[in-house]
Amino acid sequence: MKSHSSSREWLLQALFVGPALLVFTIIVALPFALGLYYSLTDWNGVSEKVQWIGLGNFRTLASDEGFWDSFGFTARFTLVAVVLTNAVGFALALILTRYLKLRNVLRTIFFLPNVIGGLLLGFIWQFIFVKGFAAMGNWTGLSFFELPWLGDATTAFWAVVIVSVWTGAGYLMVIYIASLTNVPADLYEAASIDGASSLQRLFKITIPMIMPAITIGLFLALSWSFKTFDVILSLTRGGPYNSTQSVALNIYTEAFQNNQLGLGTAKAIVFFLVVALITMVQVWFTKRQEVEA
Amino acid sequence: MRKAIAVFLTMMLLGAMLAACGAANNENAAPGATGTATQAPVKNATIKIFQFKVEIAEALDKLKEAYESEHPGIKLNIETVGGGSDYGAALKAKFTSGDEPDIFNNGGFNELNTWQDRIEDVSDQPWVADTLDVAKEPMSKDGKLFGMPMNLEGYGFIYNKDMFQKAGITNTPKTLTELKDACAKLKAAGMTPFANGYGEWWILGIHNFNVAVAQHDNPMQWVADRNAGKVKIAGDKIFEDWANMLDLTLENGNKNPLTTDYNTQVTLFASGETAMMQQGNWTQVQIDKITPNMNLGVLPMPINDDAEKNDKLFAGVPSNWVVNKNSKVKEEAKEFLNWLVTSEVGKDYIVNQFKFIPAFKSIEVKDEKTLGPIAGDVMAYSTAGKTLSWNWFNYPDGMTNELGAAIQSYVKKRDRASMFKEMDKQWDRLAKK
């Protein structure tokens, strides 16, 4: 009897978890294992000969300045983008939970960039920065528009930040809206009766109450920013002079442009370890901040 | 990140599966159907062609109809993916996903080394004897020929003859000093001399940098020595001279060169806003779309005042057709390539539809007007033997991109020493395999 029910249990579990597990194994776990293998070889991605070179690739990448520069860029970019995306998303959510007439329309508009792919957004914004801003500059004479947008390291950096924040903020806005509407109104009422100002209500009630959403928001923005690839590929292609090359783009370049797939996967493994570590620390940290009502 | 890893690791997985399938197929085919591919061509075959020249995509579709009606049973399946490195990545994806094309493109030299395991030897083909010697070089290895040159192309400073005349420039500049004077005259007449598309890494890293490499007495040897680390860019007089020319274009160019892309550059020039641009005969079609019948010519790109050495254009083979060694229809594929350059229809397409400068002695350009004035100048320089070679196919993989980045950085910071140092450093890194 007992064995019967446990085999039934197994069958049920296999039924529900099986398909997902199978797909996960085929498109994530297995390729990951293969990647581990290729990272220990000198395969160029084309040739029929694959030669085992042990940890050679990891030694090479340790002295590859371009790789570490791209880490530097990615770190700076992530820091700025995570803060700004969440701040803008949260601000939009605060505004759009008020009773505004155009609330639903505005929510849709701010969410819209998420529906268009990053690659396309990059091309659209490239046009805006190069042609649109130049035209605005001619028209208004404002020096902001006459900067060499995408033409030097600083403006290119901020261009990538602007596009990423603009894309990501709408998504986080939806998460924050969902969370804000779940904060019980009686808490605010009680606080108002006790004489709390609106700022006090924001910091003492709203933010602690939506901490789970902030965890999610930070986690999402962190992972987006760290692995950012498509926007940069279409907006700047890592340029000018490799100043906006993210780690993901550096890996892609190494594997497919320099024809060093082995070295590229080795970089990908290192990158994976770093991202995993950072996100684990971040989730652990924000989890501790969450409170129950 | 996880998505990126997943995507390209999946491709590797598929690659492994493909390798297994490929092996199985060979075994099955061996006993039963020996030699079907080498004897009479199979009826009802589909030849998959994967190419990168966007400019000829439409004409190729027409050519496909012509070929299919002439050869019943044969189907051509043509796919075009444009633009330098994107083509390479897409081609690799094709191979690893099992959807191998039968005919694809290869730049030759170093790229031939990378892809050699996949490319069929075509030394025995009938068209080989008609191929121009210079056009055979990229795909020659160990005395064998591995591909058919697509065409010849050349570049230099394309200039607007009408604007030159208006500015009072009577003889065409052939040295750096003469070019400097011409720029001064153009500026005095209120015109911008150069359209610099330096936002585009390849304009700098491929074409502009090659000017210096090609000016060496034996460019091939220089590249080989640079690959081996025997010579350096820093301290080389020719590169110093070349940087002078680069400076001249920067001092006399449009503003914000680093945000000017290829399209903008050609548009600036074709709409008459600038008098010159560094480009090649492939821009003719695009220029014609903006301003038809422009009065154009091509100037050499002088790096110093040695008139004889500098009066040359840079000509070469941009790409080659190659046949997949493991293709099931490789005989049909070879037959198609042969038809392309020997049949009247094929020849007509190459000159009149693709607007190619042919790489074959047997293909004549009857009327120079069909190709336009830019190609006309390139051909005139070629027949006079006044050409310098294209050398970037011999650099290590990815080097042209790094060169482009280093020169872009120079355009911004104007620090020669650090540009040369960066180039040497990247070359050492990428040459070490």
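**Figure 1. Leu313(B) stands opposite Thr387(B) of strand E13(B).** This close-up comes from a predicted model. Here strand E11(B) and strand E13 of chain B, residues 387-388, run parallel and are joined by 2 bridges.

**Figure 2. Strand E11(B) also pairs with strand E7(B), in the antiparallel sense.** Strand E7 covers residues 153-160 of chain B, and its pairing with E11(B) extends over 3 bridges. To find your way in this view, start at Glu153(B), whose bridge partner in E11(B) is Gly316(B).

**Figure 3. Strand E11 of chain B, residues 313-316, is covered on both faces.** In a regular strand, side chains alternate between the two faces of the sheet. On one side of E11(B) you will meet Leu313(B) and Ala315(B), and on the other Phe314(B) and Gly316(B). Each of these four residues is buried.

**Figure 4. Chain A meets chain B through 37 residues of chain A and 33 residues of chain B.** Three helices of chain A, H1 (2-38), H12 (247-257) and H13 (261-289), each bring at least two residues to the side that touches chain B. Helix H1(A) gives the most, with 8 residues. By residue type, this side of chain A divides into 23 nonpolar, 11 polar and 3 charged residues.

**Figure 5. Residues 71-282 of chain A carry a domain annotation from UniProt.** The unreviewed UniProt entry labels this stretch "domain: ABC transmembrane type-1". In the model, residues 71-282 of chain A are 78% helix and 0% strand. If you look for the two ends of the stretch, their C-alpha atoms are 18 Å apart.

Terms used: Residues numbered from 1 in each chain as written. Chains lettered and ligands numbered in written order. Predicted model: local features only at pLDDT ≥ 70, side-chain atom pairs only at ≥ 80, totals over all residues. Buried ≥ 20, exposed ≤ 12 C-beta atoms within 10 Å, placed from the backbone. Pairing = 2+ DSSP bridges. UniProt positions renumbered as here; feature names shortened; annotations may be inferred. Contact = placed C-beta atoms within 7 Å. Nonpolar A, V, L, I, M, F, W, Y, C, P; charged D, E, K, R; others polar.
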